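The following questions and answers concern the structure shown below. Each answer closes on the value or name requested.

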Amino acid sequence: MTEFSYKITDFVRLKNHGIFHGTAPVFKAEKSLALEQFLKESYNKLEIAYPKFHKMDGLCKLGILASEVLFKDHTISRDTALVFSNAASSLESDKNHQQAMGGVVSPAVFVYTLPNIVLGEISIKYNLQSETVFFIDNAFNPELLMDYAEVLLDSKKSPAVVCGWIDLKNAEYDVFLCLISNKGELPLSKENLKQLYLFENE
Amino acid sequence: MKKIYLLDDVIVSPLGFSTRENLTALREGRSGLKFHKNNRFPCGGFYGGIIEKDSLANAFVGLGDPKKFTKLEQMMLLAVSRILEKNPGLHLYETALVISTTKGNIDLLGNSSFPGDRGNLCGLGNLIRDFFGFQRQPILISNACISGGLALAVAKRLLAAGKFSQAIVLGGDLVSDFVLSGFHSFGAISPEPCRPFSKNRKGISLGEAAAALLVSSRKSQGPVHISLIGEASANDATHISAPSRTGEGLFKSIQNALREAQLCPGDVDYVSAHGTATAYNDEMEATAFHRSGLFGVPLNSFKGAYGHSLGASALLESILTKHSLLNNELFASMNFDELGVSKPLNILRAFERKELKIALKTASGFGGCNLALVLKKEEND
């Protein structure tokens with residue numbers, strides 16, 4: 001049992017051509033939009049002025065978009081930990097690098113063939129010098145995320161934790177990130193994490 | 001906070017398939033780095049630490065048909081099986097499996113020569129779980145070049161929180177054409193065996209290895225034991241493929257790990273550095289060590305012996321650090337010539353015997369990640 005009671009302070013969801021801040025839609029794009037186009041329109045809609053965004057791979061773009069929404073209403077400490085997970089690792093960039101291997105290989109593609117690069121990109125954009133970890137799992141695992149977030153908070157390694165799921169496979173994306181701290185109303189629990197992840201915003 | 005004890009370990013590398021063989025090779029100054037032909041390189045090949053396929057298959061044959069398992073799977077399964085052999089009383093239902101790898105079976109991407117989804121990291125984790133019958137879902141970490149050490153830190157954190165009482169931490173990665181071509185595109189592969197911290201360093205050498213370490217909240221039986229008493233990671237927040245010029249994240253990791261261990265820099269007897277032998281990495285580390293006040297502490301990099309084994313490296317090197325403490329032995333930083341970083345470092349030029357108590361293990365990687373672990377030797381009561 002954890003010493004303190006932590007809260008799910010805020011959360012963001014990117015799925016099915018939509019971005020949701022909590023349960024409120026922020027942006028809903030045409031279903032016919034290709035992934036790259038959706039990412040670009042979301043960037044414009046959220047008015048992110050960050051040219052580096054355009055050099056990133058899809059996974060990192062999803063991470064930046066989600067963080068932008070999640071961090072909007074909060075003061076984020078530099079020590080806020082990032083605890084991310086997915087099933088596909090960096091599959092899309094892996095495929096791009098593999099295709100290039102027969103010819104000219106680009107370091108700008110290769111560097112994205114690690115799932116934790118998204119943690120680095122978010123750390124740079126929001127100036128976080130914190131604990132980061134990338135877990136690979138068969139499916140969204142609220143138990144592991146909650147256990148690990150609590151360990152970081154209990155041990156005072158981090159004053160807040162952003163944890164969640166950020167998966168990209170064959171242009172299908174599934175992103176759920178939440179901010180865990182001692183602020184807010186919604187208690188941190190496996191059940192609450194699971195419910196928020198499964199919530200269908202239609 | 002509760003400590004964790006580092007119990008049995010196994011290293012599967014070009015220097016042997018047991019920790020004992022690896023330690024013997026290091027004492028004798030033997031390196032696993034050899035020239036391997038590869039027409040991707042203008043000089044016709046590269047230096048790397050490659051495990052000989054047939055010897056591995058011979059060692060694996062008691063466990064299963066080598067044809068049915070990839071090279072990486074054979075390495076990782078062999079490492080775990082040797083831990084289990086040495087610990088027949090270990091209950092798999094209460095033992096967690098914490099796995100670190102950067103690319104797993106990446107060469108299976110788009111290749112169906114092995115059934116199942118084993119090119120995928122989850123598929124690899126599930127295969128290892130099912131092979132031995134672990135009851136818990138493996139915790140799999142893919143966090144670039146700090147993965148192996150971070151897996152150990154994650155095991156400690158969850159163990160201290162009472163989520164399990166023991167775990168096997170397992171790391172493994174291959175020298176795949178995927179990774180080789182990528183580092184080559186950066187111009188980062190050394191045309192000779194890598195020379196960490198040296199004036200004439202010309203980049204990294206890659207290596208392959210699997211390492212497994214049993215950790216527990218209970219002490220070992222022997223007269224002395226090694227525990228992990230402090231750990232921390234921190235991001236540079238400067239660049240995704242270049243380290244911070246000020247060594248920010250590594251400095252912060254070292255500060256936080258020493259604080260948790262309730263030690264000061266003067267207590268550290270030995271530093272097992274990351275030392276990849278790229279110009280920027282080694283300079284960054286020297287800067288971070290200098291800022292941390294680790295003046296004159298004996299220091300080495302194992303990359304000259306093994307190459308950079310990516311997701312295995314920080315675990316492999318933590319195991320070697322554990323044995324340095326246990327045996328009061330310091331291993332030479334192989335291929336070192338003349339100091340090539342801007343801050344003074346006490347690089348180990350030859351094998352030495354010295355009374356050791358506290359060691360610091362560090363690692364840094366792409367994505368700006370850094371890690372520090374503090375290991376301590378204590379007498380059993």
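**Strands, chain contact and helix packing**

Q: How many of the 9 residues of strand β1 (residues 4-12) of chain B are buried?
A: Strand β1(B) is largely enclosed by the rest of the structure, because most of its length meets the burial criterion, the number of its 9 residues that are buried being 8. Here a residue is buried if 20 or more other C-beta atoms, placed from the backbone, lie within 10 Å of its own, exposed if 12 or fewer, and partly exposed in between. Strands (E, at least two residues) and helices (H or I, at least four) are DSSP runs numbered from the N terminus. The number of buried residues in β1(B) is 8.

The model is predicted: local features need pLDDT of at least 70 and side-chain atom pairs count only at pLDDT 80 or more, while totals for chains, interfaces and linings use all residues. Residues are numbered from 1 along each chain as its sequence is written, and chains are lettered from A and ligands numbered from 1 in the order in which they are written.

Q: Which residue in β8(B) stands opposite Leu6(B)?
A: Two strands pair if DSSP finds at least two bridges between them. Strand β1(B) is joined to β9 (residues 224-235) of chain B by 3 bridges, antiparallel, and there Leu6(B) faces Ile226(B). With β8 (residues 209-216) of chain B, β1(B) forms 6 bridges, also running antiparallel. In β8(B), the residue opposite Leu6(B) is Val215(B).

Q: Which element gives the most to the side of chain A that touches chain B?
A: The contact, in which C-beta atoms placed from the backbone lie within 7 Å, takes 41 residues from chain A and 40 residues from chain B. Elements of chain A that each supply at least two residues are α3 (91-100), α4 (107-110), α5 (117-126), β5 (132-136) and α6 (142-154). With 6 residues, the element that gives the most is α5(A).

Q: What is the bridge partner of Ile136(A) in β5(B)?
A: Strand β5(A) is joined to strand β5 (residues 139-141) of chain B by 2 bridges, and the two run antiparallel. In β5(B), the partner of Ile136(A) is Leu140(B).

Q: What radius of gyration does chain A have?
A: Chain A has 7 helices and 7 strands, and 51% of its 202 residues count as buried. The radius of gyration is taken over C-alpha atoms, and the globule rule is 2.2 Å times the number of residues to the power 0.38. A compact globule of 202 residues would therefore have a value near 17 Å, and chain A agrees with this at 16 Å.

Q: At what angle do the axes of α3 (residues 71-86) and α4 (residues 121-132) of chain B cross?
A: Axes are lines fitted to C-alpha atoms, for helices over the stretch in contact, and angles run from 0 to 180 degrees between N-to-C directions. The contact includes Met76(B) and Leu77(B) of α3(B), and Ile128(B) and Phe131(B) of α4(B). The axes come within 11 Å and cross at roughly 35 degrees.

Q: Which residue of β7(B) is the bridge partner of Gly48(B)?
A: An open sheet of 3 strands has the order β2-β3-β7 (chain B), with mixed pairing. Its edge strands are β2 (34-37) and β7 (206-207) of chain B, each pairing on one side only. Strand β3 (residues 45-49) of chain B runs parallel to β7(B), with 2 bridges. The partner of Gly48(B) is Leu206(B).

Conventions: Two residues are in contact if their C-beta atoms, placed from the backbone, lie within 7 Å.
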